[in-house]
Amino acid sequence: MKYDVVIIGAGPAGYVAAIRAGQAGLKTLVIEKRYTGGMCLNWGCIPTKALLESAKFYHRIKSAASFGVNGIRTEELSFDWEQARQRAMSIRDRLVKGIEYLWKKHAVQVITGEAIIHSAHEVEVNRQIINTEHVIIATGSKPERLTIDTKVPVFELEGMMQMHSVPSRPLVYGNGPVAWEMFNFFSLTDSQPVWLIPRSPVLPGLDDYANDFVLKRTRKEKQNVIYDKQWTLKGKTLSVGDSKYEIDGIVNCSLRQAVLPPMDETPVLEEGFIKVDEDFRTSIADIYAIGDVNGISNLAHVASAQGLYVINRILGVQPEHLTGIYPINIYSEPEIAQVGKTEQQLKKSGIDYQVSEYNLLANGKALIEGNAEGVLRVLSETKYKQVLGVLIIAPDATDMIAEATAIMELEGTAYEIAHIIHAHPTVSEVFMEAGLVAIDQPLHK
Amino acid sequence: MKYLFKFPDIGEGLTEGKIFKWYVEKGQDVKAGDPLVEMETDKVVADIPSPKSGTVIKTYGNIGDTVQVGSVIIELEIAGVDGEAAQAVAQEKPAGKTEHQVEEKNFGVVGTIESAGEGAYLPSSNEGLQSMPETGAPAPRKVLSTPVARAMAKDRGLDINQIKGTGPAGRVTKKDVEQHRGAGAIFAASHKAPLPDFHPTTLIEAVPLTQMRKTIAKNMLLSKQSTAHMSVMDEVEVGELVALRDKYKAKYAEQGIKLSYLPFIIRAAILSLKLHPVLNAELDMENEQIVYKKYYNIGIAVDTPEGLIVPVIKHAESKSVIELANELADLSARAQERKLTLEELRTGSFTITSYGSIGGYFGVPVINYPQVAILGIGRLSEKPIVRDGQIVIGKMLPISMSVDHRIVDGAEVARFMNDFLGFLKDPLTMFLE
């Protein structure tokens, strides 16, 4: 039997591509080493956000009395890691079942095992040779291995999701959204985490404003953040100048590296990732690479979009090229979300731009929810006021960013933002207010 | 009642005009149909008639001012009604200062606008809401477009309806506007080339372009960019035609008719076009079809002090040589005075340029786009030719022709030329059929 397409890896790039391929009637095989749903479902997007939701709930319930809810004895509150983890895993199980159901429905076949790519038309798995027209590599990425000599356990998110207890004084190692989320998680649940940021910036790819916000906030909360300083780790002791921190575990949130499947011929790589063209083709004909493994982005939604794109290509449809307008979300407290260009990118490109800001402190709904920490910033060019970038720091920023993304995808300007009627009271009103600022008609300012 | 009259859209894609002459002044009574102002537009000087009877309260703009279509040009008092508000509207929008008159609300689409917009007229009844005669302009087609594309098109003076959209469902995107190379974009594009560094000295003089020169420039460039020009040249011995014309010239001159060669040439061209219809056609790329025209409206290039103008002899196929001669004389005289109407410049299907009357033998004429062919007639001259093995003096007429090779192939032009030259060589054949 010959397949039309063999997809290696069942994360958000591979599993989405498989569903679409099955729907389109392609004979489709997915080969996955271990996890249906990949990192996203098993230890990334879904479980970590579920853990953060537990942590935010735990943190928030401490202020129940101020909302008029009596009977919560805050001194008796404690965070149950195992229960939070199991809740996360049950969400994972439900979603994995969903994917498996959809695969079955669309006649996608699955083999569990490690694939070896002999050529674009021959893939080996479990000592069996599979013939195919196309191969899609969607094997994802993993954090760089930590080379620190230490006596404490070192684990990554993948391992952490298997653990029945977690350290109470963990060292979160790494920069980027995942590190910040993990540090935030431990802080919210009353652990004593230390965040070691080995290199700048704190959040690569995000606006300096967001980076400054995170650093300032940790400083204000007097949290242990090691940034831009010399440090040494001996045994369980982290020394930074005169300060010493005792740690009992390290969460490795290092920058990610491509996971390359075994291949007879390695396609051209770029900084360790598989190099692809704008149609996600590798240097070997009929072999595509999508998701983290091509190094373009390590966001699940971008991986899925690439998966759909490649299946369209294989079907002979010339899809619209991906616009590059997609949100980057961080599920910390408060959430941080960004779409489009950063202020630094605009400065560098020489575009005349303006920044229009609106603070959540002046927003009714944010005050009602007792969560008015945050800001919304619209970056627009000055001539037509086309929106080029939006940064939101707010409790529900990760959902609010959808409006900004839609405006940008439709090439909207600040005039549309200002003229779209936003319901009152909602936190989304800050978007309209920032739009009014952009067109020099500030209202509540 | 006060009545605000706006510079109407008189068609042909004109968006502005220059005030050439005021016929009326403040306090003067006018009747409906009386000329109010003479406007110089792209192609013609046109009288703008008053749509209403009344008294002139105010005129907007001085001679030489540029007026956008849609700007208020005059305010009339119409007996028996009053309306302060009308005046208020007029104050806001005087002519000559209203660059963005065509578009008032947000990023509206630049397009055909009504001759009298909302609030231009505050009637006590519905009377007068239509302030100008029907222009025949088609209703604007609304295209999908993104907000920034609309802003950009407005900024560049482009009609977004004319831009091909490549976005979802044909949406016009920013990229489409940036890549648009329509007639309106030509001037914008030409600015991108480095301009010569002109410092005012006594050695040079910078003269602003007239409306007409701008239009000619646009049209010529549009033709060259939109068609695949190909030219052929030949000459024909027209001794018999010369004899024929000489025979009747004096007779018609007595009747005040100047009989030139051109009416004969027009007749020969029409007969040849009938044999080769693709040269009297138009290419419709959007619908991927050739539109053959069953009428022969022949444009005649006329040189005027302001520049080239091309009036059209409508249904020339139904006119005799003498009728053609009469009409030529009339159109040409009025072109010189710029007294042609817009209608007389429209709907040509084929063009003849007779530059030989000034000088020149062969030329490469530019097609009057969207037509597909143009005929150039050079100077008639005597040349030695070989006839029956003898060198004799021939009366040679050089013919040049440009066609749009997208739909007319070389062989077809050659066949057209054979027929056309045949008619000129033996002119009686033109009258036998």
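Let's start in a loop. D228(A) lies between β11 (224-227) and β12 (232-234) of chain A. Its phi is near 65 degrees. That is a positive value, and D228(A) is not a glycine. Most residues other than glycine have a negative phi, and most peptide bonds are trans. One thing to keep in mind throughout: this is a predicted model.

Next, the peptide bonds. Where do we find cis ones? One joins S200(A) and P201(A), with omega about 0 degrees. P201(A) sits in a loop as well, the one between β10 (194-197) and α7 (208-220) of chain A. Another cis bond runs from E333(A) to P334(A). Omega there is near -5 degrees. P334(A) belongs to the loop that links β20 and β21 of chain A.

Those two strands take us to a sheet. In chain A, five strands form an open sheet. The order is β20-β21-β24-β23-β22, and the pairing is antiparallel. Which strands are at the edges? They are β20 (327-330) and β22 (353-359) of chain A, each paired on one side only. From one strand to the next, the twist averages 10 degrees.

Take one pair from that sheet. Strand β21 (residues 335-340) of chain A runs antiparallel to strand β24 (residues 387-394) of chain A. Six bridges connect the two. Within this pair, A337(A) is opposite I392(A) of β24(A).

Now chain B. Here an open sheet has four strands, in the order β1-β8-β6-β3. The pairing is again antiparallel. Strands β1 (2-6) and β3 (29-30) of chain B are the edges, and each pairs on one side only. In chain B, strand β6 (residues 54-59) and strand β8 (residues 72-77) pair over four bridges, in the antiparallel sense. T59(B) has I74(B) as its bridge partner in β8(B).

On to the interface. How many residues are in contact? On the chain B side, 14; on the chain A side, 12. The size of an interface is often given as the accessible area lost when the parts come together. For chain B and chain A, the buried area is about 950 Å². Carbon and sulfur atoms give 59% of that.

What about charge across the interface? The rule finds one salt bridge between chain B and chain A. The partners are K383(A) and D155(B), whose side chains meet at 2.9 Å, N to O. Which element of chain B gives the largest share of the side touching chain A? Helix α2 (residues 147-155) of chain B does, with five residues. By type, the side of chain B that touches chain A divides into six nonpolar, five polar and three charged residues. Polar contacts add to the picture: six residue pairs across the interface, both residues at pLDDT 80 or more.

Last, salt bridges overall. Side chains of opposite charge can pair when their charged atoms come close. Over all chains, the structure holds 27 salt bridges. Here is one inside chain A. E82(A) pairs with R85(A), and the closest N and O atoms are 3.2 Å apart. Where do these residues lie? Both are in helix α4 (residues 81-105) of chain A. They are three residues apart, about one turn of the helix.

To recap. The loop residue D228(A) has a positive phi. The bonds S200(A) to P201(A) and E333(A) to P334(A) are cis. And at the interface, K383(A) meets D155(B) in a salt bridge.

How values were computed. Residues numbered from 1 in each chain as written. Chains lettered and ligands numbered in written order. Predicted model: local features only at pLDDT ≥ 70, side-chain atom pairs only at ≥ 80, totals over all residues. Heavy atoms only, no water. Contact = heavy atoms within 4.5 Å. Buried area = accessible area lost by both parts, 1.4 Å probe. Salt bridge = Lys/Arg side-chain N within 4 Å of Asp/Glu carboxyl O. Polar contact = N/O pair within 3.5 Å; in protein donor to acceptor, adjacent residues only side chain to side chain. Nonpolar A, V, L, I, M, F, W, Y, C, P; charged D, E, K, R; others polar. Pairing = 2+ DSSP bridges. Axes fitted to C-alpha atoms, helices over the stretch in contact; angles between N-to-C directions.
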